[in-house]
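Hi everyone, thanks for coming. I'd like to walk you through a structure that's new to most of you, so have a look at the screen before we start.

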Amino acid sequence: MEGHFRSPFVHYLPGLLPVESENAHFQVILPKKWASEYYKPICLHMAGTGDHYFWRRRQLIAKPLLKEAGISSILLENPFYGLRKPKDQVRSVLHNVSDIFVMGGCLIMESLVLFHWCERQGLGPLGVTGMSMGGHMASLAATNWPKPLALVPCLSWSTASGVFTEGVISGAINWEMLKNQFQSDEIYKATLQKMVSIIEDVNVGGLFRLSVPNLSKLRLINVDDRNVMMQSLNEIKSSTKHSVQKMNWREHEALHFMRGIMDECTHLRNFSVPVDTSLIVSVCARDDGYVPREGVTDLTDIWPGAEVRYLEAGHVSAFLLHQKFFRTAIIDAFNRLRNKYMFKM
């Protein structure tokens, strides 16, 4: 089935979302007949970077998941992607830094709409998963649901700050432009000058709880599927290159600002703990050049009781070669939820 609804984000924060993104589009994959009248598991799938429309998630995860374990799926289209992509946007290249935060806010609110809709339809228990950026969005969504929920974040970690300041994708950001725009606004300079000098000493950007009205002027460029894939094919060489570049970037206040504001808006310690962390199964790649874990708060420190499983692979090779591993983690999380709570449902 396919459906759409107006994003609650439009009501709570009007004017920040492009008109093309205001309606949330989704697909639902259901069995022709449920095996049990009382057990109708359904999992919400968040899209990763560059995952436009529904085909990839439907074919690689949702349909096999239904066949293997009887778990149905909801596929939600990201704002700025596919059916919700602004007309002047090229592929996955978001125009503004603030678009990342808008996307996250939308997906949190829209996931709650879909969870409530599922309950009204008699579907459940509920779960949420996603790959890479989608995994982090799934984690953020789970922190806002007040009931036990199966959560399987894949190829993500406790914050997105390292992704944009240290990982492979950081090389796709025009840091010179970001620096120039940041330094051209005296409000930024006067308010944040003391803060940015100590951002590296903290894991959580709690220092940035303030309104920055011109944040939308800071622009990201060249973060598209093709560039990301080309860079991922030579992750070792890229990592060496970026290590040299990072030494230069640290001279720029813009990088410190980027790290702080990313931590403030995406670090999981700044959000509520899911109701039952034993239902969390996180899947990581040991050689992930996109999502750095060194020097970042461990997920199990934030969510005690959560399980972390590791793949001997890189970010892209894990996605291409280990879909079965991801599906197994989802099935295991749902089995835990069923065994622990079904008698109460």
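How are helix 3 and helix 4 oriented to each other? Hold that thought while I say what we're looking at. This is a predicted model, with residues numbered from 1 along each chain as its sequence is written. Local features need pLDDT of at least 70, side-chain atom pairs count only at pLDDT 80 or more, totals for chains, interfaces and linings use all residues, and side-chain values use heavy atoms, with hydrogens and water left out.

Okay, back to those helices. Helix 3 covers residues 98-120 and helix 4 covers residues 133-142. When I say helix or strand, I mean a DSSP run, numbered from the N terminus: H or I with at least four residues for helices, E with at least two for strands. The two helices pack at an angle of about 50°, and their axes are 9 Å apart. An axis here is a line fitted to C-alpha atoms, for helices over the stretch in contact, and angles run from 0 to 180 degrees between N-to-C directions. So the answer is that helix 3 and helix 4 are oblique to each other. On this scale, under 35 degrees is roughly parallel, over 145 roughly antiparallel, 65 to 115 roughly perpendicular, and the rest oblique. Their crossing is right-handed, meaning that the near helix is turned clockwise from the far one by less than a right angle.

Now stay with helix 4, because 10 of its 10 residues are buried. Buried means under 20% relative accessible area, exposed means over 50%, and partly exposed is in between, with a 1.4 Å probe and protein chains only. Among those buried residues of helix 4 are M133, H136 and L140.

Just ahead of helix 4, have a look at S132. It sits in the loop between strand 5 and helix 4, and S132 has a positive phi of about 60° although it is not a glycine. L155 also has a positive phi of about 60°, and L155 isn't a glycine either. You'll find L155 in the loop between strand 6 and helix 5, which is residues 161-165. Is L155 buried or exposed? L155 is buried, with a relative accessible area of 2%.

While we're on backbone oddities, find G124 and P125. A cis peptide bond joins them, with omega at about 5°. P125 is in the loop between helix 3 and strand 5, and that strand is 126-131. For background, most residues other than glycine have a negative phi, and most peptide bonds are trans.

Next up, charges. How many salt bridges does the structure hold? There are 12 salt bridges. A pair counts if a side-chain nitrogen of Lys or Arg is within 4 Å of a carboxyl oxygen of Asp or Glu.

Let me pick out a few. E22 pairs with R6, and their closest N and O atoms are 3.2 Å apart. E22 is in the loop between helix 1 and strand 2, while R6 is in strand 1, so this pair ties together parts that are 16 residues apart in sequence. Their surroundings don't match: E22 counts as buried at 17% relative accessibility, whereas R6 is exposed at 52%.

Then there's E119 with K147, where the closest N and O atoms are 2.9 Å apart. E119 belongs to helix 3 and K147 to the loop between helix 4 and strand 6, so to speak distant parts of the chain, 28 residues apart, and E119 counts as partly exposed at 33% relative accessibility. K147 is partly exposed too, at 36%.

My third pick is R286 and E312, whose side chains meet at 2.7 Å, N to O. That salt bridge links strand 7, residues 281-287, where R286 lies, to strand 8, residues 307-314, where E312 lies, and the two residues are 26 apart. R286 is partly exposed at 44% relative accessibility, and E312 is exposed at 61%. There's also a network: salt bridges that share partners join E307, R309, D332 and R336.

Last stop, the start of the chain. Which residues form a nonpolar patch on the surface? They are Y12, L13 and L16, with about 320 Å² of accessible area together. Patch residues have over 30% relative accessible area and no salt bridge; nonpolar side chains (Val, Leu, Ile, Met, Phe, Trp, Tyr) are joined within 5 Å, and like charges within 9 Å. The areas come from the Shrake-Rupley method with a 1.4 Å probe, and for residues only the protein chains shown count as cover. Y12 is in helix 1, residues 8-12, and Y12 is exposed, with a relative accessible area of 56%.

Compare that with S7, in the loop between strand 1 and helix 1. S7 is buried, at 2% relative accessible area. The C-alpha atoms of S7 and H25 are separated by 9.4 Å, and these residues are 18 apart along the chain.

That's my tour, and I'm happy to go back to any part of it.
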